[in-house]
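Some descriptions of a structure are easier to trust once the reasoning behind them is spelled out. Please look at the entry below before reading on.

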Number of protein chains: 2
Amino acid sequence: MTPRTASGTSAVRLAAETWESLFRAQVAVMRRLQSGPAFRDLAVNEYDVLFTLSRCPSGWLRLNELNDNVLLSQSSLSRLVDRLEKRGLVERMPAPDDGRGVLLKLTEEGAALQKEIGREHVRDIAELVGPALTAAEQRELLRLTEKLRASLPSR
Amino acid sequence: MTPRTASGTSAVRLAAETWESLFRAQVAVMRRLQSGPAFRDLAVNEYDVLFTLSRCPSGWLRLNELNDNVLLSQSSLSRLVDRLEKRGLVERMPAPDDGRGVLLKLTEEGAALQKEIGREHVRDIAELVGPALTAAEQRELLRLTEKLRASLPSR
DNA sequence: CCGATTTGCATGCATTTGCATGTACTGCCC
DNA sequence: GGGCAGTACATGCAAATGCATGCAAATCGG
């Protein structure tokens with residue numbers, strides 16, 4: 001006996017369809033965003049790292065914390081950071097309180113590039129999402145996705 | 001003068017935050033899904049192709065239609081299909097009505113593998129999404145992401 | 001009907017990615 | 001304190017990916 005909701009679809013089916021729809025929407029939006037001119041000389045993943053660093057209060061962020069935000073393996077992130085460092089966009093520093101750790105910070109140039117791309121990027125997003133959903137719908141979508149993310153098992 | 005909504009945040013900012021939250025939720029869920037045992041011998045992208053084919057009414061699907069569903073370049077999809085074909089999971093066939101096109105279909109083995117992985121996958125999804133959101137919330141999230149996807153400019 | 005442009009897919013090649021592993025450091029238990 | 005499992009990051013190497021391009025078929029403009 002599979003449990004059924006009031007509407008007659010099983011709970012697992014509803015969850016699967018919800019995830020499927022969320023995933024497809026993400027793919028569709030991302031496809032349009034990444035093909036735009038904002039990312040002509042920085043990959044989306046690379047921008048994402050700069051963005052996350054720019055949002056970090058202290059300015060410094062551990063590599064493994066960064067890794068939670070990005071859909072990349074640990075080794076790929078390590079090399080991505082290598083590239084950003086070689087381009088002078090971020091700075092590495094050994095973590096003071098943990099000899100294994102590495103701290104990351106934006107350089108001046110990295111912060112400038114993030115802002116520049118960010119402006120374009122935000123505009124692109126608004127042009128895609130703005131006309132698609134009302135403000136109330138966007139707020140609800142924001143709330144639901146935040147709740148979903150917050151409710152996931154920590155690992 | 002940037003326009004403001006009733007809550008005091010600008011429309012572009014709301015759109016950007018909504019997208020950011022959707023994206024992070026997708027990353028967080030996907031990270032957990034793809035590390036599970038369901039994908040031990042088939043990458044998520046590869047499964048996704050099998051899944052899409054399994055949902056196709058006629059059984060046959062054009063490569064370029066497939067490409068809309070997947071976050072992959074055309075060339076990468078072409079080679080991904082190469083791999084699936086070499087493993088005997090899909091079958092290629094020149095499109096009858098368009099000499100340039102290629103049609104794709106699941107083989108018996110491909111359909112069986114999709115079903116097998118799909119069962120596990122759906123269970124994993126339900127375990128992640130089910131406890132995080134109520135059924136009503138899931139339905140609303142499903143509706144909003146469908147609307148978002150449907151409202152995007154065609155390309 | 002013919003040339004020019006566009007579209008759909010494949011392939012060469014450089015880059016990026018992940019897995020497995022190595023290295024250094026931490027924390028735990030005794 | 002000494003051994004020992006666990007964590008954080010880097011690196012060798014094979015595989016996957018994207019860009020540019022090639023080629024063939026379709027579509028367009030006259």
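The questions and answers that follow concern a predicted model, and they set values against the cut-offs behind the words.

Q: Why is chain A called more spread out than a compact globule?
A: The globule rule gives 15 Å for 155 residues, whereas the radius of gyration of chain A is 19 Å, well over that value, so chain A is described as more spread out than a compact globule. Along its principal axes, the C-alpha trace of this chain spans about 55 × 40 × 25 Å.

Q: What makes up the fold of chain A, in terms of helices and strands?
A: Chain A has 6 helices and 3 strands, and, when read along the sequence, these elements follow the pattern α-α-β-α-α-β-β-α-α. Buried residues account for 49% of the 155 residues in this chain, and among its contacts between residues at least 6 apart in sequence, 54% join residues at least 24 apart.

Q: Why is the aromatic pair of B:Phe39 and B:Tyr47 called edge-to-face?
A: A pair of aromatic rings is described by the distance of the centres and the angle of the planes. For B:Phe39 and B:Tyr47 the centres are 5.7 Å apart, within the 6.5 Å limit for a pair, and the angle between the planes is 70°, which is over 60 degrees, so the pair counts as edge-to-face. Both B:Phe39 and B:Tyr47 are buried. A search of the whole structure finds 6 aromatic pairs over all chains, and in chain A the residues A:Phe39, A:Tyr47 and A:Phe51 form one aromatic cluster.

Q: Which residues come nearest to DNA strand C?
A: Of the 21 residues around DNA strand C, those that come nearest are A:Ser76, A:Arg79, B:Ser78, B:Arg79 and B:Arg92. Of the atoms of this strand that come within 4 Å of the protein, sugar and phosphate account for 64%.

Q: Why does the pair formed by B:Gln74 and DNA strand C count as a polar contact?
A: An N or O atom in the side chain of B:Gln74 is 3.0 Å from a base nitrogen of DNA strand C, and this distance is within the 3.5 Å limit, so the pair counts as a polar contact. The phosphates of DNA strand C are approached as well, with a polar side-chain atom of A:Arg83 lying 2.8 Å from a phosphate oxygen and a polar backbone atom of A:Ser73 at 2.8 Å from a phosphate oxygen. The elements that give two or more residues to the surface near this strand are helix H4 (74-86) of chain A together with helix H3 (63-69) and helix H4 (74-86) of chain B.

Q: How do you know that B:Arg79 makes a polar contact with a base oxygen of DNA strand D?
A: An N or O atom in the side chain of B:Arg79 is 2.6 Å from a base oxygen of DNA strand D, which is within 3.5 Å, and therefore the pair is a polar contact. A phosphate oxygen of this strand is 2.5 Å from an N or O atom in the side chain of A:Ser78, while a polar backbone atom of B:Gly99 is 2.9 Å from a phosphate oxygen.

Q: What classes of residue form the surface near DNA strand D?
A: The residues there divide into 3 nonpolar, 10 polar and 8 charged. Helix H3 (63-69) and H4 of chain A, together with H4 of chain B, each supply at least two residues of this surface.

Conventions:
Residues numbered from 1 in each chain as written. Chains lettered and ligands numbered in written order. Predicted model: local features only at pLDDT ≥ 70, side-chain atom pairs only at ≥ 80, totals over all residues. Heavy atoms only, no water. Near = heavy atom within 4 Å. Polar contact = N/O pair within 3.5 Å; in protein donor to acceptor, adjacent residues only side chain to side chain. Helix = DSSP H or I, 4+ residues; strand = E, 2+ residues; numbered from the N terminus. Nonpolar A, V, L, I, M, F, W, Y, C, P; charged D, E, K, R; others polar. Phe/Tyr/Trp six-rings, centres within 6.5 Å; stacked < 30°, edge-to-face > 60°. Buried < 20%, exposed > 50% of the residue type's maximum accessible area, 1.4 Å probe, protein only. Rg over C-alpha atoms; globule rule 2.2 N^0.38 Å. Contact = heavy atoms within 4.5 Å.
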